[in-house]
Amino acid sequence: MGRRILFLGPPGGGKGTQAQMLHRALGVPHISTGEMLREAVADDTELGRKAAAYMAAGDLVPDDLVVAMVEERLARDDAACGYILDGFPRNADQARALEAAVGADAVDTMLYLAVDEDELVTRLLKRAEREGRCDDTEATIRHRLEVFLAETQPLVDYYGGAVRTVDGMGEIKAVFCRVINELAT
Ligand code: B4P
């Protein structure tokens, strides 16, 4: 059985950044629901057309759409030996759907990246300058943080003592060292 890792954390916490580095280190696929949804929007697929307004507003895309997308992705051969989930599950219903699709052992390691709110906003505003993502305006960032606190933060209780908190402050490489150290223990 390979690694089944989940990155939890607020928007701007570094989930995508660290998951991509870990994917290169471990060789198991990096499954980012945010990236998959942005691709669907860019490709103007039916899913993308349904998801676009939710994403632009900083709201969660409806569970049925996201769950179907993830189930299809996890059924591919490259996910048989493990995966790194980034941004999914984002609420308790998604967590239950993941367990129903894959089993109780759908995730074996949960890493929570902890970052101060001011730093989150700074990072996302910098990314807005660089990439022009439509959900990286200050008002939308603040709303995404509220959604995170209401919907996603409770997953820490849902998963209980299995969640390991990693200090996500500081340099990207320093955070990655902490992630690797956490996985090694
Ligand atoms: P995501 O793509 O998951 O967006 P995110 O939470 O902002 O995280 P991301 O991975 O992009 O950023 P990261 O923290 O790595 O979701 C976007 C939208 O998609 C959601 O709002 C929602 O609408 C929808 N969606 C996605 N999944 C869903 C689901 N399961 N259910 C329903 N809807 C869903 O990095 C942010 C920035 O910080 C980057 O620019 C990075 O370079 C920088 N950074 C990272 N680490 C740093 C560090 N240590 N120091 C300085 N900068 C750092």
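The following questions and answers introduce a predicted model of a protein with a bound ligand.

Visitor: In which pocket does the ligand sit, and how many residues surround it?

Guide: The ligand sits in the largest pocket. Among the residues around the ligand, the closest are Gly14, Thr33, Asp59, Arg144 and Gly170. The count of residues that surround the ligand is 30.

Visitor: Which helices each supply at least two residues of the shell around the ligand?

Guide: Three stretches of the chain meet this condition, and they span residues 15-26, 33-42 and 117-131. In order along the chain, they are helix 1, helix 2 and helix 6.

Visitor: How many residues of the shell around the ligand are charged?

Guide: The shell can be divided by class into nonpolar, polar and charged residues. Nine of its residues are nonpolar and ten are polar. The number of charged residues is eleven.

Visitor: What is the distance from an oxygen atom of the ligand to a polar backbone atom of Asp59?

Guide: Asp59 is one of the closest residues to the ligand. A polar contact requires a pair of N or O atoms within 3.5 Å. The pair formed by a polar backbone atom of Asp59 and an oxygen atom of the ligand has a distance of 2.7 Å.

Visitor: Which residues have backbone atoms 2.9 Å and 2.8 Å from a nitrogen atom of the ligand?

Guide: At 2.9 Å from a nitrogen atom of the ligand there is a polar backbone atom of Gly87. At 2.8 Å from a nitrogen atom of the ligand there is a backbone N or O atom of Gly170. The residues are therefore, in the order asked, Gly87 and Gly170.

Visitor: How much of the area that the ligand exposes when taken alone does the protein bury?

Guide: Taken alone, the ligand exposes 1000 Å². The share of that area buried by the protein is 90%.

Visitor: Is Asp136 buried or exposed, and which side chain does it contact?

Guide: Asp136 is placed in the loop between helix 6 and helix 7. Its relative accessibility is 2%, so Asp136 counts as buried. A polar contact of 2.8 Å joins its side chain to that of a residue which is also among the closest to the ligand. That partner is Arg144.

Visitor: Which residue offers the backbone oxygen that the side chain of Arg4 reaches?

Guide: Arg4 belongs to strand 1, which covers residues 3-8. Arg4 counts as buried because its relative accessibility is 12%. Its side chain reaches, at 3.0 Å, the backbone oxygen of Asp105.

Visitor: How far apart are the C-alpha atoms of Val66 and Thr33?

Guide: Val66 lies in helix 4, residues 63-74, and is buried with a relative accessible area of 5%. Thr33 is 33 residues away from Val66 along the chain. Their C-alpha atoms are separated by 7.4 Å.

Visitor: What is the distance in space between Val70 and Asp157, C-alpha to C-alpha?

Guide: Val70 is placed in helix 4, and at 1% relative accessibility Val70 counts as buried. In sequence, Val70 and Asp157 are 87 residues apart. In space, the C-alpha distance is 23 Å.

Visitor: Where is Ile31, and how far in space is its C-alpha atom from that of Gly16?

Guide: Ile31 lies in strand 2, residues 30-32. With 1% relative accessibility, Ile31 counts as buried. Ile31 and Gly16 are 15 residues apart in sequence, and their C-alpha distance is 9.3 Å.

Visitor: Which residues are joined by a cis peptide bond?

Guide: The bond has an omega of about -5 degrees. One of the two residues, Pro89, is in the loop between strand 3 (82-86) and helix 5 (92-102). The cis peptide bond joins Phe88 and Pro89.

Visitor: What is the phi value of Asp44?

Guide: Asp44 is in the loop between helix 2 and helix 3 (46-57). Asp44 is partly exposed, because its relative accessible area of 47% falls between the limits of 20% and 50%. Its phi is positive, in a residue other than glycine, and is near 55 degrees.

Notes:
Residues numbered from 1 in each chain as written. Predicted model: local features only at pLDDT ≥ 70, side-chain atom pairs only at ≥ 80, totals over all residues. Heavy atoms only, no water. Near = heavy atom within 4 Å. Polar contact = N/O pair within 3.5 Å; in protein donor to acceptor, adjacent residues only side chain to side chain. Areas by Shrake-Rupley, 256 points an atom, 1.4 Å probe, with all protein chains shown as cover. 1 Å grid on protein atoms, 1.4 Å probe; cavity = no way out; pocket = protein on both sides within 12 Å on 5 of 7 lines; lining within 4 Å. Sits in = over half its atoms within 2 Å of the grid points. Helix = DSSP H or I, 4+ residues; strand = E, 2+ residues; numbered from the N terminus. Nonpolar A, V, L, I, M, F, W, Y, C, P; charged D, E, K, R; others polar. Buried < 20%, exposed > 50% of the residue type's maximum accessible area, 1.4 Å probe, protein only.
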